[in-house]
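Got your viewer open? Let's take a walk through this one, one selection at a time.

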Amino acid sequence: MKDDFHRILYNYLVEAGLNETSASYLNLTILLVIALVLAWFLDLIIWKVLRSVSLRLARKSKTNFDNFLVANRVPRYLAHILPLSILVELVPFGFIGFEYAAIIALKFLHVLFVVLTLYVVKSVFKSINDYLKTKPRFRDKPMGSYIQVFMIFAWVLGIFTIFAIITEIQVWKFFTALGAGSAVILLIFKDSILGLVASIQVSINDMVRIGDWISFDKFGADGDVIEISLATVKVQNFDKTITTIPTYALISDSFKNWRGMQEAGGRRIKRALIISQKSIRFLSDTDVEEFQKIQLIQPYLTTRSEQINTYNTSNNINKDLAINGRNLTNIGVFRKYVNDYLQNHSAVNKGMTLMVRQLPPTPQGIPLEIYAFSSDKRWENYEYVMADIFDHLIAALPYFHLQVYEIPVPESVIAQG
């Protein structure tokens with residue numbers, strides 16, 4: 001009865017005067033066209049309904065996850081499932097007398113079904129990734145790496161399934177062969193495996209987040225991390241160029257992450273003035289009177305001079321020579337001036353380390369290092385603050401009878417100039 005139903009059109013064509021071969025091919029063509037048109041029309045109707053429903057739900061729902069599902073075409077892919085399933089059921093009806101062609105058509109439709117399933121899974125994962133990026137907790141996490149790992153497994157499973165459909169071999173036999181060829185697979189997917197391990201370690205140890213400023217001299221990277229994937233990390237340098245770094249390099253090589261500075265209350269200033277040793281000397285009473293005109297250190301000089309004079313007098317110190325007893329030096333007073341100047345500077349963070357220290361003498365002179373933190377961490381503002389501080393200090397040196405060391409220029413060069 002079922003066969004008779006399938007052959008209604010075929011029997012009609014034979015009765016109309018066509019030979020059996022022509023009737024078979026014409027029957028196949030007509031039924032195939034009808035099936036494809038029906039599937040296309042049904043696909044269009046389902047897509048219209050799903051789009052209308054999904055848009056309404058997206059507008060009414062409080063979460064924006066469904067918006068990402070629509071943007072990533074999940075409803076569109078789902079609309080293909082029912083028409084494809086109907087085509088699978090119509091193959092035996094249409095391919096009467098073409099058993100081999102029916103087998104090929106069924107295999108083709110099953111392969112399409114597997115590919116469609118993979119696209120649905122990919123779109124759903126991409127929607128999840130886009131949605132998590134809107135959440136503060138996941139915005140700086142390498143979720144893209146995990147999505148890629150899931151998709152790799154999904155595609156591998158899908159490819160095995162397609163091979164099983166085409167060759168009619170059970171899927172588990174492919175996994176058996178996979179175990180035998182694991183060495184080759186490990187070699188082929190070496191970078192992906194290393195990237196997977198690196199991504200997990202980077203995430204667990206919180207080594208790098210999206211948005212971090214990192215410096216990686218080996219790869220010439222110095223900028224903000226804009227993407228962390230399974231195989232690479234993309235860094236947008238400050239000159240707007242893009243540098244890609246292998247993900248596993250983050251755990252195998254050394255790099256600098258500036259996140260600690262960005263999260264702290266300031267950005268470090270660590271720079272030294274090289275003071276010429278020839279300009280360093282003890283201060284006379286006349287020098288002290290002259291330096292007391294500098295308002296910032298006037299209270300210090302007054303108090304310190306009284307303490308030194310009291311000590312020298314009580315200990316009968318012979319002050320015919322300045323080296324005897326206790327004395328003030330111009331570099332010591334200047335060091336105190338620099339410290340007070342930084343303490344009163346509005347752009348310096350007073351809650352963090354602030355000191356002016358003298359480093360070991362060098363052949364060029366004595367380095368006087370400023371170690372402080374600017375309150376503004378933005379690069380351009382930080383450079384402005386640091387330049388402003390050293391502009392003032394270099395200009396202030398002559399008031400303390402101090403000189404910055406400069407390499408002497410040969411007279412021959414001066415003459416040529």
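Start with the whole surface on display: the protein chain exposes about 25500 Å², with carbon and sulfur atoms supplying 61% of that. Keep in mind that this is a predicted model. Switch to cartoon and you'll find 18 helices and eight strands. Of the 417 residues, 34% count as buried.

**Stop 1: the three-stranded sheet**

Select β6, β7 and β8. They make an open sheet in the order β6-β8-β7, with antiparallel pairing. β6 (267-275) and β7 (355-358) are the edge strands with a single partner strand each, so one side of each has no neighbour in the sheet. From one strand to the next, the twist averages 20 degrees.

Now zoom in on β7 and β8 (residues 366-374): four bridges join this antiparallel pair. Which residue in β8 is the bridge partner of arginine 357? It's glutamate 369.

**Stop 2: the helices on the sheet**

Add residues 330-343, which form helix α16; this helix lies across β6, β7 and β8 and runs at about 155 degrees to β7. Then add helix α17 (residues 379-396), which packs on the sheet and touches β6 and β8. The direction of α17 makes about 25 degrees with that of β6.

**Stop 3: the aromatic rings**

Show the aromatic side chains next; there are 13 aromatic pairs to look for. Begin with tryptophan 213 and phenylalanine 238: their ring centres are 5.2 Å apart and their planes sit at 85 degrees, so this pair is edge-to-face. Tryptophan 213 is in strand β1 (residues 213-216), while phenylalanine 238 is in the loop between β3 (232-237) and β4 (242-246), so the pair ties together parts 25 residues apart in sequence. Buried or exposed, what is tryptophan 213? It counts as buried, at 7% relative accessibility. Phenylalanine 238 is partly exposed, at 33%.

Move on to phenylalanine 216 and phenylalanine 255. Here the centres are 5.7 Å apart and the planes are at 20 degrees, so the rings are stacked. Phenylalanine 216 belongs to β1 and phenylalanine 255 to the loop between α12 (249-252) and β5 (256-257), so this pair links parts 39 residues apart in sequence. Phenylalanine 216 is buried, at 0% relative accessibility.

For a group view, select Phe291, Phe334, Tyr337, Tyr341 and Phe400, which ring pairs link into a cluster.

**Last stop: arginine 267**

Finish by centring on arginine 267. It lies over the face of tyrosine 382, at 4.3 Å from the ring centre. Arginine 267 also lies over the face of tryptophan 258, at 5.8 Å from the ring centre.

Key:
Residues numbered from 1 in each chain as written. Predicted model: local features only at pLDDT ≥ 70, side-chain atom pairs only at ≥ 80, totals over all residues. Heavy atoms only, no water. Helix = DSSP H or I, 4+ residues; strand = E, 2+ residues; numbered from the N terminus. Buried < 20%, exposed > 50% of the residue type's maximum accessible area, 1.4 Å probe, protein only. Areas by Shrake-Rupley, 256 points an atom, 1.4 Å probe, with all protein chains shown as cover. Pairing = 2+ DSSP bridges. Axes fitted to C-alpha atoms, helices over the stretch in contact; angles between N-to-C directions. Contact = heavy atoms within 4.5 Å. Phe/Tyr/Trp six-rings, centres within 6.5 Å; stacked < 30°, edge-to-face > 60°. Lys NZ or Arg CZ within 6 Å of the ring centre and 35° of its normal.
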